[in-house]
Amino acid sequence: MQPESTNGTSGGRLAVPMAWLCAEYIADEMLRAGALVQGGSLEYRAGRQTLALTIYLCDSADELAGVRVVSRIDEWLSLTSYGHPWQEWAQERLTARQERERDLDEGADPDLALALDAWRWLRQTELLAADLGDSEPWHPAGPQSGAVDEYAEIWTPAWQLGLPLSHLAIHLFC
């Protein structure tokens, strides 16, 4: 990427979103290792974006996201677990980062820009998924209802499909 401008806001350096790219790489590796969905599918993208956003937002010290992967896995499992208010958590973290960016007035953060794009895509994109019968998003650790019509399908936000995929990918990675 080229510097943001010539007025000195980028310090003459390239604006490379390393924290986001590291988070996305880790998420991609975990999903590929789990082989839960076909790479390149919308379901895969939903899982990768959800997990990358989780990894990126867990790192509040502005380090490269996920550098200490092994020590963070339990935290990622907890955040993607059934019953955790992931959507609210993600929105609060993104809002806090936007406010911090405004307060610091150091120009646009390319990592935050990509994270916000991922969040927007996860909220606005709906995927056709099996209707598992309850109003809560399906999760492998959640309560299972008795009879499920495997052919009934509903439209669901991408993050609701990406969250259980992320959780399973983390489990399979360990």
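A nonpolar core is understood here as a set of buried Ala, Val, Leu, Ile, Met, Phe, Trp, Tyr and Cys residues joined through side-chain atoms within 4.5 Å. In the predicted model described here, the largest nonpolar core comprises 39 residues, of which M30, L53, Y56, W76, W86 and L94 touch the most other members. At least two residues of this core are supplied by each of the helices α1 (18-34), α2 (42-58), α3 (69-79), α4 (86-104), α5 (110-124) and α6 (158-173). The greatest contribution to the core comes from α2, which gives nine residues.

Among the core residues with the most contacts to other members is W86, and its surroundings may be described individually. When residues up to four places away in sequence are not counted, W86 touches T50, L53, T54, L79, W119, L122, W159 and L163. Two of these partners recur in the aromatic arrangement of the model, since W86, W119 and W159 form one aromatic cluster.

Across the whole structure, three aromatic pairs are found. In the pair formed by W20 and Y56, the ring centres lie 5.7 Å apart and the planes stand at 75°, so the arrangement is classed as edge-to-face. This pair links distant parts of the chain, with W20 in helix α1 and Y56 in helix α2, 36 residues apart. W20 is buried, with a relative accessible area of 2%, and Y56 likewise counts as buried, at 3% relative accessibility.

The ring of Y56 is also approached by a charged group, as the charged end of R97 sits over this ring, 4.3 Å from its centre. A second arrangement of this kind involves R45, whose charged end sits over the ring of W121, 4.1 Å from the ring centre.

Side chains of opposite charge can pair when their charged atoms come close. A search of the whole structure finds four salt bridges. One of them joins the side chains of E24 and R48, with an N to O distance of 3.7 Å; this pair links distant parts of the chain, E24 lying in helix α1 and R48 in helix α2, 24 residues apart. Another salt bridge is formed by the side chains of E75 and R72, at 2.8 Å from N to O, and both residues lie in helix α3, three residues apart, or about one turn of the helix. Within this pair, E75 counts as partly exposed at 30% relative accessibility, whereas R72 is buried, with a relative accessible area of 12%.

A salt bridge is also present between the side chains of R120 and D117, at 2.7 Å from N to O. Because R120 and D117 are three residues apart in helix α5, about one helical turn separates them. R120 is partly exposed, with a relative accessible area of 37%, and D117 is partly exposed as well, at 41%.

The loop between α4 and α5 contains D109, which counts as partly exposed at 26% relative accessibility. Leaving aside neighbours within four places in sequence, D109 is in contact with Y56 and E101. A polar atom of the D109 side chain lies 3.0 Å from the backbone nitrogen of D111. With respect to R97, D109 is 12 residues away in sequence, and the C-alpha atoms of the two residues are 9.6 Å apart in space. Y56 is thus described in several settings: with W20 in an edge-to-face pair, beneath the charged end of R97, and in contact with D109.

Terms used: Residues are numbered from 1 along each chain as its sequence is written. This is a predicted model: local features need pLDDT of at least 70, side-chain atom pairs count only at pLDDT 80 or more; totals for chains, interfaces and linings use all residues. Side-chain values use heavy atoms; hydrogens and water are left out. Buried means under 20% relative accessible area, exposed over 50%, partly exposed in between (1.4 Å probe, protein chains only). Helices (H or I, at least four residues) and strands (E, at least two) are DSSP runs, numbered from the N terminus. Contact means heavy atoms within 4.5 Å. Rings of Phe, Tyr and Trp (its six-membered ring) pair if their centres lie within 6.5 Å; planes under 30 degrees apart count as stacked, over 60 as edge-to-face and the rest as tilted. A charge sits over a ring if NZ of Lys or CZ of Arg is within 6 Å of the ring centre and within 35 degrees of the ring normal. A polar contact is a pair of N or O atoms within 3.5 Å; within protein, one must be able to donate a hydrogen and the other to accept it, and residues adjacent in sequence count only if both atoms are side-chain atoms.
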